[in-house]
Amino acid sequence: MDCLVHHMLRANAQRTPDAEALVHGQGRMTYDEMWRATGGVAQGLRAANVEPGDRVGILLEPSLPLAVSIFGVARAGGAFVPIHHALFADQVEHIITDCGMKALITDGARFAQLEPMLSKCPTLKSVVVVGSSSVPSSALQQYDYQELCQAPLTGPVEDRGIDRDLAAILYTSGSTGKPKGVMLSHANVVAGAAIVSDYLKITASDRILAVLPFSFDAGLNQLTTAIQQGGTCVVMKFLFAKEIVAELERERITGLAGVPSLWGLLAQPSSKLHERELPHLRYITNTGGAMPLTVLAKLRELLPRTDAVLMYGLTEAFRSTYLPPEELDRRPTSMGKAIPNTEILVINDDGKLCGPGEIGELVHRGPTVSLGYWGHPELTERVLRPHPFHPLGTANAERVCYSGDLVKTDDEGFLYFVGRRDNLIKSSGFRISPTEVEAALCKTGKLREAAVIGLPDEILGQRIKAFAVPRDGVSVEPDALLADVATLLPRHMVPKVVEIVSELPKTSSGKVDYPSLRRNELTAANGNPR
């Protein structure tokens, strides 16, 4: 029975020890090899006095050691904290100090760069160094990753804890302040893998290409679903979309998840997707925002034998809804319905259930609801609350997740995203969804992606500003673009201004960084340089 995260690996190491578990470039690991390596990492972490629940950071580029370390930390009884490899030193320091990290797994080059900062972090006691023959001297206790993986076990690595215990902390950006750590239990991670495997029909024959960072909940799920089902997780770091296409063909990939910006790149002619035959690619999934309809149509044209599954989720509750591929033609803008073993409610401001077409907040109930925010009990209480229609009598009773996302349903119960409660634009008395305006901008066929924000306006309340990224080789004039959009939207939804940009700012998980766009505009409005 898979109760703890590493049990998913153990089960398949026993069942199919010689099956391929991990691939990265020329490197490959079987389930037996991966299980043995995680045992060595777990043994080393325990020797470094990592106790149950202690936080262990993992700061590595996409690689075999990254995947092994996640399961090794879980096997040691610690809580793994994946850190995106592109973060700057001050961002890494925030995560380490915020969660009181006890150990860090990183490569030699990053350790050398970060050591002056790391040695000042009060809770950090040890570092496991990956792939370096020379590391700086440090007051921190140092271990060699490869030596740990190859070390014979001196005894069984017994389990510590149960499925309700802390397994991971994923740091996620909100609308304000520094990133906050969302706490996931072992049960959350295991349930998330099982549920997604259910509706995507993932089996041991699947080969999943992991291009999303493991510090992102959907990225982590690419690894956990593959390992839980006994399939293969192919890990890669890419610079260009054509590299992804080449890997899809070379590794006979059956499943690929991405965010809208990634799909926009793959839909471009330069991605080479139109030049390759991908008969093995069984499904693609979208998360992290709405996929523009023009991009979706292009992908379906280029991948006629591949199912496209649109999904919605949030780190605090992982996956919430999905749209079955057979519904795409009838409702391509829908988020779908609840994932298995999950209840989704749409609640209005009066705390009552919304009817069809009425906008309300999405509330998620199910086994993937997180434990809350590390070190932020007030925020946890605000987001994780008792079920609104099932009064609970004890302090430890089940909680549901108030997502902050505004949605509506159609007459058949299919959900549609309207916007974030804190992103919704109010202009001239209208409530306007940025997502809907972005979709119209992309529908012109001139853009690769777009982002829309609301800015303060004395008369309108808020005025709409759009940022537009042209498609490769397409010249876009702002006035012409706005004229096109005016034929697709009512007047009050047409942006007052559009700015043509080469790229949109992104978070580490690949989502559009809307808070950054707003901050820059407000700073400029106050007379300060951006």
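Which residue is the bridge partner of Ile-453 in S26? In this predicted model, the partner is Lys-465, and this pairing is a convenient way into the sheet to which both strands belong. Strand S25 (447–457) and strand S26 (461–470) pair in the antiparallel sense, and ten bridges join them. Together with S27 they make up an open sheet of three strands, in the order S25-S26-S27 and with mixed pairing. S25 and S27 are the edge strands of this sheet, each of them pairing on one side only, and from one strand to the next the twist averages 25 degrees.

Two helices can be placed against these strands. Helix H14, which covers residues 478–485, lies across S25, S26 and S27, and its direction makes an angle of about 130 degrees with S27. Helix H15 (residues 514–525) has twelve residues and spans 17 Å from its first C-alpha to its last, close to the 16 Å expected at 1.5 Å a residue. The buried residues of H15 include Tyr-514, Pro-515, Ser-516, Leu-517, Arg-518 and Glu-521. Their cover includes helix H13 (434–443) as well as strands S25, S26 and S27, the last of these being residues 497–500.

A second sheet lies elsewhere in the chain. This open sheet has nine strands in the order S2-S1-S11-S10-S12-S13-S14-S15-S16, and its pairing is mixed. At its edges stand strand S2 (27–30) and strand S16 (337–338), and because each has a single partner strand, one side of each is left without a neighbour in the sheet. Within the sheet, strand S12 (residues 255–258) and strand S13 (residues 283–286) pair in the parallel sense over four bridges, and Leu-256 has Ile-284 in S13 as its bridge partner.

The approach to S12 is also worth following. Thr-254 is found in the loop between helix H9 (241–250) and S12, and its relative accessibility of 10% counts as buried because the cut-off for that term is under 20%. Leaving aside residues up to four places away in sequence, Thr-254 touches Ser-205, Asp-206 and Arg-207, and also His-280, Leu-281, Arg-282 and Tyr-283.

Which strands does helix H7 lie across? Helix H7 (residues 186–200) lies across S13, strand S14 (307–314) and strand S15 (318–323), and runs at about 10 degrees to S15. A search of the whole structure finds one aromatic pair, and this pair is formed by Tyr-199 and Tyr-322, which are stacked with 4.0 Å from centre to centre and 10 degrees between the planes. The pair links distant parts of the chain, since Tyr-199 belongs to helix H7 and Tyr-322 to strand S15, 123 residues apart. Both partners are buried, Tyr-199 at 9% relative accessibility and Tyr-322 with a relative accessible area of 19%.

Rings also take part in contacts with charged side chains. Arg-319 lies over the face of Phe-318, at 4.8 Å from the ring centre, while Lys-242 lies over the face of Phe-240, at 5.9 Å from the ring centre.

The remaining elements to consider are a helix and a strand with many buried residues. Helix H2 (residues 31–47) has 17 residues and reaches 24 Å from its first C-alpha to its last, close to the 24 Å expected at 1.5 Å a residue. Of these 17 residues 13 are buried, so H2 is largely enclosed by the rest of the structure. Asn-49 follows H2 and has a positive phi, near 65 degrees.

Strand S5 (residues 103–107) has five of its five residues buried, and it is therefore largely enclosed by the rest of the structure. In a regular strand the side chains alternate between the two faces of the sheet. In S5 both faces are covered, with Ala-103, Ile-105 and Asp-107 buried on one side and Leu-104 and Thr-106 buried on the other. S5 has pairing partners as well: strand S3 (residues 55–59) pairs with S5 in the parallel sense over four bridges, and in that pairing the bridge partner of Gly-57 is Leu-104. Strand S6 (residues 126–130) also runs parallel to S5 and is joined to it by five bridges, with Ala-103 standing opposite Ser-126 in S6.

Terms used
Residues are numbered from 1 along each chain as its sequence is written. This is a predicted model: local features need pLDDT of at least 70, side-chain atom pairs count only at pLDDT 80 or more; totals for chains, interfaces and linings use all residues. Side-chain values use heavy atoms; hydrogens and water are left out. Two strands pair if DSSP finds at least two bridges between them. Contact means heavy atoms within 4.5 Å. Axes are lines fitted to C-alpha atoms, for helices over the stretch in contact, and angles run from 0 to 180 degrees between N-to-C directions. Rings of Phe, Tyr and Trp (its six-membered ring) pair if their centres lie within 6.5 Å; planes under 30 degrees apart count as stacked, over 60 as edge-to-face and the rest as tilted. Buried means under 20% relative accessible area, exposed over 50%, partly exposed in between (1.4 Å probe, protein chains only). A charge sits over a ring if NZ of Lys or CZ of Arg is within 6 Å of the ring centre and within 35 degrees of the ring normal. The expected span of a helix is 1.5 Å times one less than its number of residues.
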